[in-house]
Amino acid sequence: MRGSSFQLMALAAQARYVGCVSTAVIKTDGLTKRFPRVTALDRLTVEVQPGVVGLVGSNGAGKSTLIKILLGLAPATSGTGRVLGLDIGTQGPEIRERVGYMPEHDCLPPDVSATEFVVHMARMAGLPAAAARERTADTLRHVGLYEERYRPMGGYSTGMKQRVKLAQALVHDPKLVLLDEPTNGLDPAGRDEMLALIRRVHTDFGISVLVTTHLLGELERTCDHLVVIDGGKLLRSSSTASFTEATALLAVEVTDHPEDTALDSGTAVRERLAAAGLSVTLDGSRVLLVRLEGDDTYDAIRDTVAELGLGLVRLEQRRHRVAELFGTEATEATEADDDTGSTGSTDGTDSADHTKGGAEDAS
Amino acid sequence: MPPETRPADTGVIHDIGYRGYAGPRLGRAYATRSLFTQSLRAAYGLGRSGKSKVLPMLVLGVLTVPAVIMVAIALATHRSELPLDYPRYLSAFGLIVSIFLASQAPVLLSRDLRYHTVPLYFSRPITRGDYVRAKFAAMVSAQFLLMAVPLLVLYIGALLGRLDFGHNTGHFLFGLVTALLYALVPTSVALVIAAATPRRGFGVAGIMGYLAISTVVVAILTRIGTGIELTVPDSAQWAALLSPNDLVESLTNQLFDVGGGGDRLHAPGAFGVAVFIAAVIAMVSGSYGLLLRRYSSV
């Protein structure tokens, strides 16, 4: 009797230890959400570490559904998940007390002042009245709202409204904020300010951020880590740096032949380079992508173009932009479906074969 | 540390950096109470723009001033009774109470739908059931307060005028029960209508329309049932089941033996009282159930 209870205690202690060691703020395992007609999330297994993490996907990729499930607002069809170590199926209220949420759509009543509204939302998060007022003043100042906070929000600009929405998500000092398309509707300057603010939420406030967007470019500068989903499936989860690393590709574009108009210059160059043992694909209608083997690849291209008597319009090293992901990786994901389903949280940085994506673009 | 402790003449704003919050988090029940308080205040326009205070305060005034006048008359003419009994006062001014309900129920529910604040609430500790509970309780309390204030004026006036203490206390309590029923039955139906539309105007029109039309229908049916008789026969009294306001009036008239005149509505007999009470319960709990269902999918 005594021995077994001791064993139990040891087990419990071990469980607690394991719980502490796992630092992931969000962890899902085979999370699936099916609606009568669509599957919004399909066996999504992903782990999000503290920091600024971008959740990238086109409209309808399942981002909003994922956020709803993470907040414990909608039950998952199958699979499990934890937010800040709390179970999404059973500990919804506890999660929502510790997590901030900034919705994508407008959510501000126009005839109420920002102060009044944020104080109310702080109390809705469980803060006593005095603390709610103090935190509201602090938070509104941190997001850059000053005298205007006493005016009804109906007269605010989009940028100011976005700041109030961010403030209400931060006012109860959460451990994690979920920001749904925070740059929507902002002009370029406003977008930069919002992104800088999001960065500060982590660096200065120490709050982890999960930010969704369908505009990929802006996240490259803001996030430490990117999670890409499409059609409810995980495409890739890895550090931002590995997404944008220089790839060994040269983009080549040539002019038409000055006299021989019948000559398809692109094809001619392509055939010659291929004959020289280089891997060449067509990107779009005119740009050739040549795999960079070494410095002599440059020479080979230069010589080929010169021999054909063509002009060189473009010769540049291609950086792998996040934006290319949807063109190339979607096809890979379907092929490597089982793989992403089970080991999605592992790094997907292994160099993807981009030439294939290019080839499919061309066909 | 309050900022006043710093020298005020430096003119420098010190950025004290981000401070976390280590204080208590009071959880779901507290958040639900906060939503209740905020909604109750909002029903009277408090915490909102000056414009939104006009109508609720006007209605409260229109409902209370006659009570003050009645008390003044009763005191001046040394009458032994108030001109209008407590429950009767509420029936007489039913239209004013309905106007308050029709205008303010959408303030509590339609606005949150219109401005998409509802999902924001559900991202906080409260559940959907908590939201419905807080809003329901807030509107019922707002309605009850609206009616309790003039009743209190009448009662205090009666005591000051040294009218019969026992009679007045008893009927004041009858009045409060009547007020509670008025605050429950029409209100619950009105909240269902308000929750159905994000447009405040539609909500107001829908509630006012429902309350007015159902009352007119009851009036027509009882008139047909009465025919050439001088008083409404018991068989025609059942029509009152169709209208929330008439249902409450009939039930309380019978329960507290108040009201008079040929067109007096009352629940017919003991069986009638039982049926009318059942109707009250069905209407309130049914509406509450509909509200829960309405918000389960938001």
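Student: Which strands does helix α2 of chain A lie across?
Tutor: Helix α2(A), residues 63–70, lies across β1, β2 and β4 of chain A. The helix runs at about 115° to β1(A), which spans 26–34. Keep in mind that this is a predicted model.

Student: And what is the strand order in that open sheet of chain A?
Tutor: The order is β2-β1-β4-β5, so to speak from one edge to the other, with antiparallel pairing in this open sheet of four strands.

Student: Why is one side of β2 and of β5 left without a neighbour in the sheet?
Tutor: Because β2 (39–48) and β5 (86–87) of chain A stand at the edges, and each has a single partner strand.

Student: How many bridges join β4 to β5 there?
Tutor: Two bridges join β5(A) to β4(A), residues 78–83, and the pair runs antiparallel. One residue to look for is A:V83, whose bridge partner in β5(A) is A:L86.

Student: What holds paired strands together in general?
Tutor: Strands of a sheet pair through backbone hydrogen bonds, and the pairing can be parallel or antiparallel.

Student: Zooming out, how many helices and strands does chain A have?
Tutor: Chain A has 14 helices and 14 strands. Of its 363 residues, 42% are buried.

Student: How is chain A divided into domains?
Tutor: Domain 1 covers 24–243 and domain 2 covers 246–319. Their C-alpha centres lie 45 Å apart.

Student: What about contacts in chain A, what percentage join residues at least 24 apart?
Tutor: Counting contacts between residues at least 6 apart in sequence, 71% join residues at least 24 apart.

Student: Switching to the contact of the two chains: how many residues does each one give?
Tutor: Chain A gives 31 residues and chain B gives 31 residues. On the chain B side, α1 (27–43) and α6 (118–122) each supply at least two residues. The largest share of that side, seven residues, comes from α1(B).

Student: How do the residues on the chain B side divide into nonpolar, polar and charged?
Tutor: The side of chain B that touches chain A has 14 nonpolar, eleven polar and six charged residues.

Student: Back to α1(B), at what angle does it pack with α4(B)?
Tutor: α1(B) and α4(B), residues 94–108, pack at an angle of about 140°, and their axes are 9 Å apart. The crossing of α1(B) past α4(B) is right-handed.

Student: Which residues meet there?
Tutor: From α1(B) you have B:S39, B:A42 and B:A43, and they meet B:Q104, B:V107 and B:L108 of α4(B). That contact has four nonpolar residues, two polar and no charged ones.

Notes
Residues numbered from 1 in each chain as written. Chains lettered and ligands numbered in written order. Predicted model: local features only at pLDDT ≥ 70, side-chain atom pairs only at ≥ 80, totals over all residues. Contact = placed C-beta atoms within 7 Å. Nonpolar A, V, L, I, M, F, W, Y, C, P; charged D, E, K, R; others polar. Axes fitted to C-alpha atoms, helices over the stretch in contact; angles between N-to-C directions. Left-handed = near helix turned anticlockwise from the far one by under 90°. Domains from an automatic or database assignment. Pairing = 2+ DSSP bridges. Buried ≥ 20, exposed ≤ 12 C-beta atoms within 10 Å, placed from the backbone.
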